[in-house]
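Trainee: Hi, could you walk me through this one? I'd like to get a feel for it before I set anything up.
Mentor: Happy to; let's put it on the screen.

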Amino acid sequence: MRFIKRIVVGNDNPQNIRTEAEVQEAMDLVNRCLSGTPRGFILNVEKCFGLYNIGEHQVVLQYAVYHLGFARKPLHLD
């Protein structure tokens, strides 16, 4: 592997909540990396969650981090 891309899918920061469109955009990028040229390979998937207190509310945030490896850097990631 000569290039590794880290892509976060989900909400990992309680101060900056991502919209559904942003989460879907990240998942589309993962799918494009796995099916495009050069083809990427999943090296690791981190599945995380956090329990946060914001004011009186308790918020659970969960996300997955995909580590994708490539033989060379794809042009669509520039």
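**Strands, helix and loops**

Mentor: Let's start with one pair: Gly-50 has Leu-61 in β3 as its bridge partner.

Trainee: Before we go on, what kind of model is this, and how are residues numbered?
Mentor: This is a predicted model, where local features need pLDDT of at least 70 and side-chain atom pairs count only at pLDDT 80 or more, while totals for chains, interfaces and linings use all residues. Residues are numbered from 1 along each chain as its sequence is written, and side-chain values use heavy atoms, with hydrogens and water left out.

Trainee: Good. And what counts as a strand, or as a pair of strands?
Mentor: Helices (H or I, at least four residues) and strands (E, at least two) are DSSP runs, numbered from the N terminus. Two strands pair if DSSP finds at least two bridges between them.

Trainee: So how many bridges join β2 to β3?
Mentor: There are 13, and β3, residues 57–70, runs antiparallel to β2. Besides the pair I opened with, Phe-49 is bridged to Gln-62 in β3, and Val-45 stands opposite Tyr-66 in β3.

Trainee: What sits between those two strands?
Mentor: Two residues; β2 and β3 form a hairpin, and Gly-55 in the turn has a positive phi of about 65 degrees.

Trainee: And the whole sheet, in what order do the strands come?
Mentor: The order is β1-β3-β2, in an open sheet of three strands with antiparallel pairing. β1 (3–10) and β2 (41–54) are at the edges with a single partner strand each, so one side of each has no neighbour in the sheet. From one strand to the next the twist averages 20 degrees.

Trainee: How many bridges are there between β1 and β3?
Mentor: Eight, in the antiparallel sense. One residue to click on is Phe-3, which stands opposite Phe-70 in β3.

Trainee: Where does helix α1 lie?
Mentor: Helix α1, residues 20–35, lies across β1, β2 and β3 and runs at about 145 degrees to β1. For such angles, axes are lines fitted to C-alpha atoms, for helices over the stretch in contact (heavy atoms within 4.5 Å). The angles run from 0 to 180 degrees between N-to-C directions.

Trainee: Changing topic: which peptide bond is cis?
Mentor: The one joining Thr-37 and Pro-38, with omega at about -5 degrees. Pro-38 lies in the loop between α1 and β2, and Thr-37 has its place in that loop too.

Trainee: Is Thr-37 buried or exposed?
Mentor: Thr-37 counts as exposed, because its relative accessibility is 70%. The cut-offs are under 20% relative accessible area for buried, over 50% for exposed and partly exposed in between (1.4 Å probe, protein chains only).

Trainee: What about Asn-11, is that buried or exposed?
Mentor: Asn-11 counts as buried, at 16% relative accessibility. Asn-11 lies in the loop between β1 and α1. Not counting residues up to four places away in sequence, Asn-11 touches Ile-17, Arg-18, Leu-61, Gln-62 and Tyr-63. The C-alpha atoms of Asn-11 and Phe-49 are separated by 9.0 Å, with their positions 38 residues apart along the chain.

Trainee: How many salt bridges does the count come to?
Mentor: Two, taking a salt bridge as a side-chain nitrogen of Lys or Arg within 4 Å of a carboxyl oxygen of Asp or Glu. Asp-12 pairs with Arg-18, the closest N and O atoms being 3.7 Å apart. Lys-73 pairs with Asp-78, with 3.5 Å between the closest N and O atoms.

Trainee: Why would such side chains pair at all?
Mentor: Side chains of opposite charge can pair when their charged atoms come close.

Trainee: And how exposed is Asp-78?
Mentor: Asp-78 is exposed, at 71% relative accessible area, while Lys-73 counts as partly exposed at 41%. In the other bridge, Asp-12 is partly exposed at 29%, and Arg-18 is partly exposed at 28%.

Trainee: Last one: which residues form the nonpolar patch on the surface?
Mentor: Met-1, Ile-4, Phe-41 and Leu-43, with about 430 Å² of accessible area together. Ile-4 is in strand β1 and counts as exposed, at 52% relative accessibility.

Notes. Patches are made of residues with over 30% relative accessible area and no salt bridge: like charges are joined within 9 Å, nonpolar side chains (Val, Leu, Ile, Met, Phe, Trp, Tyr) within 5 Å. Accessible areas come from the Shrake-Rupley method with a 1.4 Å probe; for residues, only the protein chains shown count as cover.
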